[in-house]
Amino acid sequence: MSRKPIIAGNWKMNLLQSDAKALYEGISSFVSNYSAVQLPSVVIAPVFTCLNQVKEIPCDCGCNGTKLAVAAQNCHWESSGAYTGEISVEMAKDAGCSYIIIGHSERRQYFSETDEMINKKAKAILAGGLIPIICCGESLEQRESGITDSWIASQIRAALDGISSEDVAKSVIAYEPIWAIGTGKSCDATEANRVIKMIRGVVADVAGQSAADSIRILYGGSVKPSTIEEQMAQSDIDGALIGGASLKADSFNEIIEKTMKVAV
Ligand code: PGA
């Protein structure tokens, strides 16, 4: 089963419009050298106020693919109304997004997002024709107490609850151990692959083997140009969600380039 890899940059709460524009230009000029067939699915997730500085780049070779796609970092599950500070799926789509990251550990930890909220968001995103990037991951304490697999399995079951197999197949999951995010210490590639295989097994259980074979499951947590080849060489890692190293065009482009060599 061949799944097209995804290299996604999560810019988090960084960059003003002029910096976002410069970073976008650095990435877009790099991906323009290739066709979408050669590239992984490249996705960038700026802050909402910078979505006007970036845009999706369709491929011009007739393959119907996209060289660069845009993601929102969050959304609300309602379509409009009295939800101060929130944006809806339709608004993200209107601003040019085709993916939305949900359930990032920073949202769960600092903004008290629950599995139930993440499930509602996933359903709203899929109903709106966009692709959710659903994050999951364990804390260091959870890992040390040996509950990593059961914790992540329960996050995935909750996030996918009530979603059709067809929609699950289109979705993206990002396994991001919390202790590896922003620490410079990425999870050992074979261990990340083991957990991702376990996640694929949970997806097979809730949505069937065909959805499990199609869904793309990324690794995130201190991914760098020096780690990506080993990560992409694993059987079940379908790409990366990248924070720090996505904020410089040079390092992000190097990750894309290395992914093309190993996995596309
Ligand atoms: P990092 O962040 O690459 O800076 O560790 C990854 C993420 O939080 O998505």
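The following questions and answers go through a predicted model, from its ligand site to its helices and cysteines.

Trainee: Which residues are the closest to the ligand, and how many residues surround it?
Mentor: The closest residues are Lys12, His104, Glu176, Gly182 and Ser222. They belong to a larger set around the ligand, and the size of that set is 13 residues.

Trainee: How far is an oxygen atom of the ligand from an N or O atom in the side chain of lysine 12?
Mentor: A pair of N or O atoms within 3.5 Å is a polar contact. The side chain of lysine 12 supplies an N or O atom for such a pair with a ligand oxygen, and the distance is 2.7 Å.

Trainee: Which glycine has a polar backbone atom 2.8 Å from an oxygen atom of the ligand?
Mentor: Side chains are one source of partners for ligand oxygen: glutamate 176 has a side-chain N or O atom 2.7 Å from a ligand oxygen. The backbone is another, with a polar atom 2.8 Å from a ligand oxygen, and that atom belongs to glycine 243.

Trainee: Where is lysine 12, and what is its phi?
Mentor: Lysine 12 sits in the loop between β1 (6-10) and α1 (17-31). Most residues other than glycine have a negative phi. Lysine 12 is not a glycine, yet its phi is positive, at about 50°.

Trainee: Which other residue in the loop between β1 and α1 has a positive phi although it is not a glycine?
Mentor: The residue is found in that loop, between β1 and α1. Its relative accessible area is 26%, so it is partly exposed. Its phi is about 80°, and the residue is leucine 15.

Trainee: Is histidine 104 buried or exposed?
Mentor: Histidine 104 lies in the loop between β5 (99-102) and α3 (105-110). Leaving out residues up to four places away in sequence, it touches Asn10, Lys12, Cys135, Glu176 and Ile181. Its relative accessible area is 5%, and buried means under 20%, so histidine 104 is buried.

Trainee: How far apart in space are glycine 221 and glycine 184?
Mentor: Glycine 221 is in the loop between β8 (216-220) and α10 (228-232), and counts as buried at 5% relative accessibility. Its contacts beyond four places in sequence are Glu176, Ala180, Ile181, Ser186 and Leu241. Glycine 184 is 37 residues from glycine 221 in sequence, while their C-alpha atoms are apart by 7.9 Å.

Trainee: Why are the buried residues of α1 on the same side of the helix?
Mentor: An α-helix has 3.6 residues a turn, so residues three or four places apart point the same way. In α1 the buried residues are Ala20, Leu23, Tyr24, Ile27, Ser28, Phe30 and Val31. They lie on the same side of α1 because the arc they cover around the axis is only 155°.

Trainee: What covers the buried residues of α1?
Mentor: α1 has 15 residues and reaches 21 Å between its end C-alpha atoms, close to the 21 Å expected. The cover over its buried residues includes β2 (41-45), β3 (57-58), β4 (66-72) and α11 (249-262).

Trainee: What arc do the buried residues of α6 cover?
Mentor: The end C-alpha atoms of α6 (residues 148-160) are 18 Å apart, which agrees with the span its 13 residues should have. Its buried residues are Thr148, Ile152, Ala153, Gln155, Ile156, Ala159 and Leu160. They are on the same side of α6, in an arc of only 160°.

Trainee: Which glycine takes a positive phi just after α4?
Mentor: The buried residues of α4 (residues 115-127) include Ile118, Asn119 and Lys121. The buried residues of this helix pack against α2 (89-94), β5, α3, β6 (131-136), α6 and α7 (165-170). Just after the helix, phi is about 85° at glycine 129.

Trainee: How many disulfides does a search of the whole structure find?
Mentor: A disulfide needs two cysteine sulfur atoms within 2.5 Å. The sulfur of cysteine 63 is 3.6 Å from that of cysteine 61, its closest, which is too far for a bond. For cysteine 187 the nearest cysteine sulfur, in cysteine 136, is 12 Å away. Over the whole structure, the number of disulfides is 0.

Notes: Residues numbered from 1 in each chain as written. Predicted model: local features only at pLDDT ≥ 70, side-chain atom pairs only at ≥ 80, totals over all residues. Heavy atoms only, no water. Helix = DSSP H or I, 4+ residues; strand = E, 2+ residues; numbered from the N terminus. Buried < 20%, exposed > 50% of the residue type's maximum accessible area, 1.4 Å probe, protein only. Expected span 1.5 Å × (residues − 1). Arc of directions from axis to C-beta. Contact = heavy atoms within 4.5 Å. Near = heavy atom within 4 Å. Polar contact = N/O pair within 3.5 Å; in protein donor to acceptor, adjacent residues only side chain to side chain.
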